[in-house]
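Please study the sequence and the structure shown below before attempting the exercises. Each task is followed by a solution in steps.

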Amino acid sequence: MHLNTLTAISPVDGRYRRHTASMAEYFSEYGLIKYRVHVEIEYFIALCQHPLPQLEKVDSSVFGKLRQIVVEFSEADATEIKEIEKTTNHDVKAVEYFIKKRFDELGLEQFKEFIHFGLTSQDINNTAIPLQLKHAMDNEVIPMLNNIAATLLEMSETWKDVSMLAKTHGQPASPTNLGKEILVFQERLNQQLNMLDSIRYGAKFGGATGNMNAHHIAYPEIDWNKFANNFVDNILGLRRSYPTTQIEHYDDMAALFDNLKRISTILIDFSRDVWQYISMGYFKQKVIKGEVGSSAMPHKVNPIDFENAEGNLGIGNAIFEHLASKLPISRLQRDLTDSTVLRNIGVPVGHLYIALKSLEKGMSKLELNQQAIEYDLDQNWAVVSEAIQTILRREAYPEPYEALKALTRGNQEITQLSLAEFIDSLNVSDELKVDLKKITPFNYTGINPLK
């Protein structure tokens, strides 16, 4: 059986491959190998530019040719490295041997022992992995999140004048505004996106146990910490963690995953609310020609996009939780548990991306059912009792809460007429009675943040 979208074990690479194909550039085995090659090439160039005495003869014109190895990196190149790995039984060493072969082809064989000079494999892994994560976030995930936030804002503006019955504890409550309720999610999402923007992408670069031992013993006169800071921060565009053990401490990565977990939780909350609004008839869904809502009931248009989003966000959150709690823990100067776990960071990001695609589709299909919303408001005149009793409190009316409680919790249905009769029975001025009768479920919506 050949590996393809039908035979893949994970739905991220199988059923949903059409959504996640762009993620392969970052999180696949090919992607990881390519980023390792990128870091190794840039490290060698940085040593030349320092320069080390033995590398002063390297012509800077060759740097472009070296970087072209990364630009033109292909699946065939990745396969070649995997073949080398069968002999080395070490993935990063295989990358080193691959680059040494390219040095031979470029006439740089006298300099090839400075590939991976003084480094341990984690100096490559702990820069390549945060770099691929950063690029995936910057190029794929954050733009999609920004699109979701922008759509939420657009929806809130579109429906800013729509009064709606609120439900607290599942029961009718003081009316609200549909646009405002959507804006709540937009604001929550924006707050987390602002936090996301402040999280740095930490990277370890410091030799076998984090102290630049090999570098320092070979060239004690060089400020290797300064070199490493410049390489990681300015050349790779990450932030160097210092001091470290053999590995990155992953606290920044854990913060990122915790943030993505909060974002996902907000979107789960939104998905469930929209699902409920659809169930209540407040929203209809645009029918797409050819789509089937139910295998048995042809009339149905199920809210599958929001259900799909909720499910994928939940799966992603479970893995984000494990990554955030596991990665920052390592025995002494290192153990290997982070290595196998790190290979899975694309899985929750993939599920998040699938969910965002589903939300984007589901939100585009929503159509307001104004009639259903207004019907619910008209059937629940009792919700203005809060307004009436609050005004009566202001007017020092005796026990207003109790009076409204007796009215609204009785067996009598509360209608516009019965409420007007109650107001007429109050011992208050005629002017106040007129004002109280002006309060309806349609206008008792409080302050609208969209106006």
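The exercises below concern a predicted model.

**Exercise 1. The two sides of a helix**

Task: Determine which residues of helix H10 (residues 224-235) are buried, and how they are placed around the axis.

Solution.
Step 1. The buried residues of H10 are Trp224, Phe227, Ala228, Phe231 and Val232.
Step 2. These residues lie on the same side of H10, because they cover an arc of only 115° around the axis.
Step 3. A general rule helps in reading this spacing: an α-helix has 3.6 residues a turn, so residues three or four places apart point the same way.
Step 4. Lys226 and Asn234 are exposed, and they sit on the face of H10 turned away from its buried side.
Step 5. The partners of the buried residues of H10 are helix H3 (29-49), helix H7 (121-158), strand E3 (202-203), helix H9 (213-218) and strand E4 (239-240).

**Exercise 2. The ends of H10**

Task: Identify the residue that caps the N-terminal end of H10, and describe the glycine that follows the helix.

Solution.
Step 1. The cap is aspartate 223, with a side-chain oxygen 3.4 Å from the backbone nitrogen of asparagine 225.
Step 2. After H10 comes glycine 237, which has a positive phi near 80°.

**Exercise 3. The largest pocket**

Task: Describe the largest pocket by its volume and its lining.

Solution.
Step 1. The volume of the largest pocket is about 980 Å³.
Step 2. Its lining comprises 39 residues, of which Phe27, Ser28, Glu29, Tyr30 and Arg343 are the closest to the centre.
Step 3. Several helices each supply at least two residues of this lining, among them helix H1 (17-20), helix H6 (91-105) and helix H14 (346-364).
Step 4. H7 contributes the most, with 5 residues.
Step 5. By type, the lining divides into 15 nonpolar, 15 polar and 9 charged residues.

**Exercise 4. A residue in a loop**

Task: Decide whether asparagine 369 counts as buried or exposed.

Solution.
Step 1. Asparagine 369 belongs to the loop between strand E6 (366-368) and helix H15 (370-378).
Step 2. Asparagine 369 counts as buried because its relative accessibility is 16%, and buried means under 20%.
Step 3. Apart from neighbours within four places in sequence, asparagine 369 contacts Gly281, Tyr282, Phe283 and Lys284.

**Exercise 5. Helix H16**

Task: State what covers the buried residues of helix H16 (residues 385-394).

Solution.
Step 1. The buried residues of H16 are Ser385, Ala387, Ile388, Gln389 and Leu392.
Step 2. Their cover includes helix H17 (400-408), helix H18 (416-425) and helix H19 (430-437).
Step 3. Just after H16, alanine 396 has a positive phi of about 60°.

Note on methods
Residues are numbered from 1 along each chain as its sequence is written. This is a predicted model: local features need pLDDT of at least 70, side-chain atom pairs count only at pLDDT 80 or more; totals for chains, interfaces and linings use all residues. Side-chain values use heavy atoms; hydrogens and water are left out. Buried means under 20% relative accessible area, exposed over 50%, partly exposed in between (1.4 Å probe, protein chains only). Helices (H or I, at least four residues) and strands (E, at least two) are DSSP runs, numbered from the N terminus. The arc is that of the directions from the helix axis to the C-beta atoms. Contact means heavy atoms within 4.5 Å. A polar contact is a pair of N or O atoms within 3.5 Å; within protein, one must be able to donate a hydrogen and the other to accept it, and residues adjacent in sequence count only if both atoms are side-chain atoms. On a 1 Å grid over the protein atoms alone, a cavity is a set of points where a 1.4 Å probe fits but cannot get out, and a pocket is an open set with protein on both sides within 12 Å along at least five of seven lines; lining residues have an atom within 4 Å of a point. Grid points are joined across faces, edges and corners, and a volume is the space filled by probe spheres set on the points. Ala, Val, Leu, Ile, Met, Phe, Trp, Tyr, Cys and Pro count as nonpolar, Asp, Glu, Lys and Arg as charged, and the others, Gly among them, as polar.
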